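The following exchange introduces a structure to a reader who has not met it before. Please consult the sequence and the model as the questions proceed.

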Amino acid sequence: MQGMRVHISGIVQGVGFRPFVYGLADRLKLRGWVKNTSAGVEIEVDGERDVLDTFINLLREEAPPLSRIDDLTVSIRPVNRFTSFDIVHSEAVEGAFQPISPDVSICEDCLRELFDPDDRRYRYPFINCTNCGPRFTIIQDIPYDRPTPTMAPFDMCPACEREYTDPRDRRFHAQPVACPECGPQVWLESTDGSKEAVTGMNAIDRARELLRQGKILAVKGLGGFHLACDATNAMAVLELRNRTLRVDKPFALMMPDLETVKRHALLNRPEGELLLSPARPIVLLRRRSESGIAHEVAPKQDWIGVMLPYTPLHHLLLEKAERIPEVLVMTSGNLSEEPIATGNEEARLRLSKLADAFLMHDREIHIRCDDSVVRVFDKQIYPIRRSRGYAPFPVKLPWNAPPLLAAGSELKNTFCITNQGYAFLSHHVGDMENYETLKSFEEGVAHFERLFRVRPQALACDLHPNYLATRFAQERSEREGIPLISVQHHHAHIAACMAEHRLDEPVIGASFDGTGYGEDGAIWGGEFLVAGFKDCRRAAHLEYFPLPGGDAAIKRPARTALALLWSLGLDWEDTLPPVQEFCAEDRTILRTQLEKRINTPDTSSMGRLFDAAAALAGVRQKVNYEGQAAIEFEALVDPTEKGGYHFELDGSQIRMRGAVEAMMQDVFAGIPSSRISARFHNGLAEMVRKITEKISAETGIRKVILSGGVWQNITLLGRTLSLLRDGGVQVYIHQEVPPNDGGLSLGQAVIAAARLRG
Ligand code: ZN
Ligand code: ZN
Ligand code: FE
C-alpha cells in the first residue's frame, strides 16, 4: 500500500470531472478524496501500487468528453488510511488559475429527456447537466462549483438538490441545474406592452405561430438575444433588413437537424461534424439552388451560414411540425454596428422597434457572446469568427508568457490575455466604432483579468494611433505605469498563425489584408514578411497607390479603381464600369484630388486591390460592408478558366500595371466577369508562388504562413496552397483563430511576450 497525490490542470471543472474520478475510484476500490481548486483538480488516494498505476492511466484514457488534461503530476505520499472516497469542498488557491469551459450545446441525454413525456423536465427549456449547458456566459469566478450569481435567484427544489449532491448523478454539481419547479422560466411579451405575457410551452407555441405568420421575434439565447424570422419568407427577411439597417450583410440560419440542412445546402462529412460539435458554430455551406430559403438572406452569395439548435429552447422553437418554418433566420439581436443585447431591460430598450415580440427568460447572461462562424477548408476547420463555444478556450503557447493584455484591432475586435503557457483569446467584441462596443470591451477585459487571475505587466496594441483599442491601451499604460508595446498589424497576423502552430522560427508570411497601419504611415495590406515572433522584415509588397479618402474608400470600390488606374498611368476610358459611375464633374474633382494629393494616403492593400478589380470587372461599384465586392467577385469565379494576370516583382515592389492593363483589355473585349475573376485569382496565386520562392531561395526559409482577412477568400487560398505545396514549401493556415482581425490580439500578445523575453 502507498499514498498518492495527483494534480490535474486543464479544462477539468464544470465538465463532470470529479464525478468521473469518484466513479473510477469506486470501480478500483480506492479510498481518498477529490476536490476542485482554482488551479485545477486535486486527488489523494491510498492503494496498491499497480492499482494506482491503472488509476492514473484510466484518468487520462477515460476522461469526460468535454475535459482537456493539459498537465497531470503525481507525487508519492505516506498512506493516509482513508475509509471512503469523497468529493470534498473546493478550495481557492491564491493567484492560481485554470482554463474555463466554453458554453456547450445540449447533450444527447438531456435532449432525450426534453422530449420524454415521462421526464420531470419534459419540454423544460433550461434542462442541462454536467455534460452540457451554459458555462462561460454565466460564470463569474473560479473554482467553478461555487453557486453562480446568475443562478442565485433560483433556490433548488428537493428533487434538483438530490441530483446536485449525488456524485453518481449526471447533474452532480451542474451549476445551472434546474427544473420547471425551481428554475428559470420562459415567457412571451409584446414589444409595445399591449398584451399580457404568456408563459411556458404556451409562450413557445405562440412564438412559433408568430414566426409562421412572418413576424420578427427577439429570442433570448445563451450569449445574447437573436432576432428570428421565417427564412423562407422573403417579406419577413426584407422587413428584418429594413428594421436592423443591415443592407446586404448575410444573416445566419438555424435548422432543426442535419437532414433539413442537407435539403438546403451541400454538406460534406467534416461540415456535418462541425455542425454537430458541442460548440455548434455557424458553418458556411454552399446553398443548393433548389432551396426555398429566400435569396434576401444572403444576397448575391452562394454560401449560407447555418447552425443547429444548441439550447433546449431552440429545440422547442424549431420542433418539426406541419406549417411551422423549418429554417429560421437567427441573427444577433442588435442594430447594425452595436453589440448584441443581453439583459432583458436592455433588450426592451434597444430591440422593441426591431421585433414584434420577445421570447424572454429570467436566467441572466453574465457575459455577452455572439455565435461563432467557421468554414471547412481542406477538411479542416477554418475559423471566421471565434466566439460562443470556443471562447475562452485558450491557445497553448510555445513558451510561457508574462501576464499581458493585448488590446486587438478596431474591426472584429477580440482581446487576448496571457498567463503562463496560455493565451486566452476573448469572445468576439465587435467593431470598436461606438461607445457601446467600447464599454463592452472594457467589461470583457475586467472579467477576463478576474477570471484568469491576471494583472497585466505590459500591454500590447496596434501601431494605428486612432484605434479605440490602442487609445485604451495607451491610457491604461500611462495610468498604471506599465510598458506599452506597439505591434505592426500584419506582423501580428503572421505571429497569430505562428503561435497556433507553435512555430518559433523564422517564416515567410504573406499577410493579405484590407487595411493596417504601416511603419511608414501608409495603409499596408499586400505584404510579404520575413517574420519571427520578436520582429519582422518587409520583404515585398504591392506597389503603393493613392486611396482617395483613406479608409473611407472601403465603401466606394469605383473610386479605388479609378485611383489605381490613375497611379498606374492608365486612362479612364468611358466604357469602363467604374468610370461610368461618375459624372464628368465628379471625375474632374477626383482627378484634382489625386493630382494634388488631398487626403489620399498611400496603400499597398490587397483588399483594396480586390475592390478595384471587382469594380473594373463591373461587379460592384459601391458596397454596404467591407469585403462585399471581393466576396461577390469571388463567387463568380469560373473554375475551368486557367489563365492568369501577370504581376511583376521589381526589387521589393510588386508591380500591378501589366495585370491591371490585361484585365482592362478583357473588359473591353467583353470577356465574361466569371473568367476575369478567375484570371485575377489565378494571377495572384501565381504571384504568391513566385515571390515566396524567391524569398525562400534568398533566406533558406521553407515555411510559409498565409494570414490576414483576404485569406477568407477560399478560392485564392485553395489555388495558392496547391501551387505552394507543389513547390515543396510547408504552408500553415489558421485553425484556431480567424485569419481576419478577430485573431489579431493573439499575434499582438505573442509578439509583445517575445520582446519582453528579450
Ligand atoms: Zn446534458
Ligand atoms: Zn428543481
Ligand atoms: Fe487585418
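**Metal sites, a strand and the cores**

Reader: Is Cys110 buried or exposed?
Author: Buried means under 20% relative accessible area and exposed over 50%, with partly exposed in between (1.4 Å probe, protein chains only). Because its relative accessibility is 0%, Cys110 counts as buried.

Reader: On what basis are such values given?
Author: This is a predicted model, in which local features need pLDDT of at least 70 and side-chain atom pairs count only at pLDDT 80 or more, while totals for chains, interfaces and linings use all residues. Residues are numbered from 1 along each chain as its sequence is written, chains are lettered from A and ligands numbered from 1 in the order in which they are written, and side-chain values use heavy atoms, leaving out hydrogens and water.

Reader: Which residues coordinate the zinc ion (ligand 1)?
Author: Donors are N, O and S atoms within 2.8 Å of the metal (3.2 Å for Na, K and Ca); water is not among the atoms, so sites may look incomplete. Here the distances are 2.2 to 2.4 Å, and the SG atoms belong to Cys107, Cys110, Cys129 and Cys132.

Reader: What is the arrangement of the four donor atoms around the zinc ion (ligand 1)?
Author: Four donors count as tetrahedral if all angles lie between 85 and 135 degrees. The angles at the zinc ion (ligand 1) are 104 to 119°, so the arrangement is tetrahedral.

Reader: How many residues apart are Cys110 and Cys129?
Author: The donors of the zinc ion (ligand 1) are spaced C-x2-C-x18-C-x2-C in sequence. Helices (H or I, at least four residues) and strands (E, at least two) are DSSP runs, numbered from the N terminus. Cys110 is in helix α3 (residues 108–114) and Cys129 in the loop between α3 and α4 (158–165), and this pair links distant parts of the chain, 19 residues apart.

Reader: Which residues are the protein donors of the zinc ion (ligand 2)?
Author: Along the chain these donors follow the spacing C-x2-C-x18-C-x2-C. Their angles of 104 to 116° make the arrangement tetrahedral. Lying 2.2 to 2.3 Å from the zinc ion (ligand 2), the SG donors come from Cys157, Cys160, Cys179 and Cys182.

Reader: Which backbone oxygen does the side chain of Asn128 reach?
Author: Asn128 is found in the loop between α3 and α4 and, at 2% relative accessibility, counts as buried. Its side chain reaches, at 2.8 Å, the backbone oxygen of Pro176.

Reader: Why is strand β13 (residues 303–307) largely enclosed by the rest of the structure?
Author: On one side Trp303, Gly305 and Met307 are buried, and on the other Ile304 and Val306. The strand is largely enclosed because the buried residues number five of the five.

Reader: Which residue stands opposite Val306 in β13?
Author: Two strands pair if DSSP finds at least two bridges between them. Strand β10 (residues 252–254) runs parallel to β13, joined by three bridges, whereas β12 (residues 282–287) pairs with β13 in the antiparallel sense over four bridges. Opposite Val306 in β13 stands Val283.

Reader: Between which domains does the largest nonpolar core lie?
Author: A nonpolar core is a set of buried Ala, Val, Leu, Ile, Met, Phe, Trp, Tyr and Cys residues joined through side-chain atoms within 4.5 Å. The largest has 109 residues, and Phe512, Phe528, Phe633, Phe680 and Met687 have the most contacts inside it. Domain bounds come from an automatic or database domain assignment. Since both give residues to this core, it lies between domain 2 (187–361) and domain 4 (523–531 + 538–732).

Definitions and conventions: Four donors count as tetrahedral if all angles lie between 85 and 135 degrees; four count as square planar and six as octahedral if opposite donors are over 155 degrees apart and all others between 65 and 115; anything else is irregular. A polar contact is a pair of N or O atoms within 3.5 Å; within protein, one must be able to donate a hydrogen and the other to accept it, and residues adjacent in sequence count only if both atoms are side-chain atoms.
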